[in-house]
Amino acid sequence: MNEQSHTPILEVSGLHVSYGSFQAVKDVSFTVNAGEIFGFLGPNGAGKTSTLSAIEGLLKPRAGRITVAGYDIAEQPLHARANMGVQLQATSFQPELTITEIIRLYAGIYGAPISTEQILSILRDIKLEDAAGKRFGQLSGGQQQRVSLVIATIHDPHLVLLDEPTSGLDPQSRRQLWERIEAIRDKGNGVLLTTHSMEEAEAVCDRIAIIDHGRVVAIDTPLQLVERFRHEPEVLGASRKGKVTLEDVFIGLTGREIRS
């Protein structure tokens, strides 16, 4: 985490999300600071997607407050969204368009004028300068994720939401994407990252929140989470080789039950 990390880019306070009588998110509060990669971890159905949807403004919470770069998502939704970039797990860009056409299209949508020289510079930066004329549908999964991250950040948002950005990637592509995410953090922006990979969480996240059954059960750095819970019986019982890991802490706090 860099020196700019004391300024909150995202503030979630007392968030409650319900679907009819089912309460998916229960009194969730956390902040993501400038110059910070914040990991949001939880089993399937724990409340991650509902929380992200509320932050994105896609659903109205039953209670709570969300601000992005100081803008209340309920009272100033356009300003809040303008300061936000989102990369979803599954990309849905038009497969018949070339990379250059997609970048130019979304730069226009975001109101971020871009020249051909700037596009070529971006493609060089993500090691795709030789694929400028390739159609999006012809790219590998790792290449698609690189382009997707460019689109999510083309307007230089203060907050970047990444939903399992490296899912299904090979180790080389995953490491390269980690470097791109760290570069976003190093510019002073805030990153909220969901992942099921404990290795990824330990490698790139400055702090982590673990959510289960709609409630945040722990927030801290990866190292401090291990230190805090390493002697808990449930965590020790999850350890397979004697050395307590972040995955052991995660299993100890959320249980061994497989979630659908």
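Biologist: Let's start with two helices in this predicted model. At what angle do helix 3 and helix 5 pack?

Modeller: Look for helix 3 at residues 99–109 and helix 5 at residues 141–153. Their axes lie 9 Å apart, and the packing angle is about 20°. Angles under 35 degrees count as roughly parallel, so helix 3 is roughly parallel to helix 5. The angle you asked for is about 20°.

Biologist: Which residues of helix 5 make that contact, and how many nonpolar residues does the contact have?

Modeller: From helix 3 come I99, I102, I103 and Y106. Helix 5 answers with V147, V150 and I151. By class, the contact of helix 3 with helix 5 has no polar and no charged residues, and the nonpolar count is seven.

Biologist: Helix 5 also meets helix 6. How many charged residues does the contact of helix 5 with helix 6 have?

Modeller: Helix 6 covers residues 171–186, and the axes of helix 5 and helix 6 come within 10 Å and cross at roughly 10°. That makes helix 5 roughly parallel to helix 6. Here G142, Q145, R146, L149, V150 and T153 of helix 5 meet S173, Q176, L177, R180, I181 and I184 of helix 6. By class there are five nonpolar and five polar residues, and the charged ones number two.

Biologist: Now for the strands. In what order do the six strands of the open sheet with mixed pairing stand?

Modeller: Strand 6 (84–87) and strand 10 (215–220) each have a single partner strand, so one side of each is left without a neighbour in the sheet. From one strand to the next, the twist averages 15°. Reading across the sheet, the order is 6-7-8-3-9-10.

Biologist: Which residue of strand 8 stands opposite D163?

Modeller: In general, strands of a sheet pair through backbone hydrogen bonds, either parallel or antiparallel. Strand 7 (residues 159–163) and strand 8 (residues 190–194) pair in the parallel sense, over five bridges. Opposite D163, strand 8 places T194.

Biologist: What angle does the direction of helix 1 make with that of strand 7?

Modeller: You can find helix 1 at residues 48–56, packed on this sheet. Helix 1 touches strand 3, strand 6, strand 7, strand 8 and strand 9. Its direction and that of strand 7 make an angle of about 150°.

Biologist: A salt bridge links E36 and R207. How many residues apart in sequence are the parts that this pair ties together?

Modeller: The closest N and O atoms of E36 and R207 are 2.5 Å apart, and a salt bridge needs such atoms within 4 Å. E36 lies in strand 3 and R207 in strand 9, so the pair ties together parts whose separation in sequence, in residues, is 171.

Biologist: Which strands are at the edges of the open sheet with four strands?

Modeller: This sheet runs in the order 2-1-4-5, with antiparallel pairing. An edge strand here pairs on one side only. The two edge strands are strand 2 (22–33) and strand 5 (71–72).

Biologist: And which residue of strand 4 is the bridge partner of V12?

Modeller: Strand 1 (residues 8–19) and strand 4 (residues 63–68) pair in the antiparallel sense, over five bridges. For V12, the bridge partner in strand 4 is I66.

Biologist: Which strands of this sheet does helix 1 touch?

Modeller: Helix 1 packs on this sheet, with its direction at about 120° to that of strand 1. The strands it touches are strand 1, strand 2 and strand 4.

Biologist: One last pair of helices. Is the crossing of helix 8 and helix 10 left-handed or right-handed?

Modeller: Helix 10 spans residues 246–254, and the axes of helix 8 and helix 10 come within 9 Å, crossing at roughly 60°. Helix 8 and helix 10 are therefore oblique to each other. P222, L225, V226 and F229 of helix 8 meet L246, V249 and L253 of helix 10. The way helix 8 passes helix 10 is left-handed.

Key:
Residues numbered from 1 in each chain as written. Predicted model: local features only at pLDDT ≥ 70, side-chain atom pairs only at ≥ 80, totals over all residues. Heavy atoms only, no water. Pairing = 2+ DSSP bridges. Axes fitted to C-alpha atoms, helices over the stretch in contact; angles between N-to-C directions. Contact = heavy atoms within 4.5 Å. Parallel < 35°, antiparallel > 145°, perpendicular 65-115°, else oblique. Nonpolar A, V, L, I, M, F, W, Y, C, P; charged D, E, K, R; others polar. Salt bridge = Lys/Arg side-chain N within 4 Å of Asp/Glu carboxyl O. Left-handed = near helix turned anticlockwise from the far one by under 90°.
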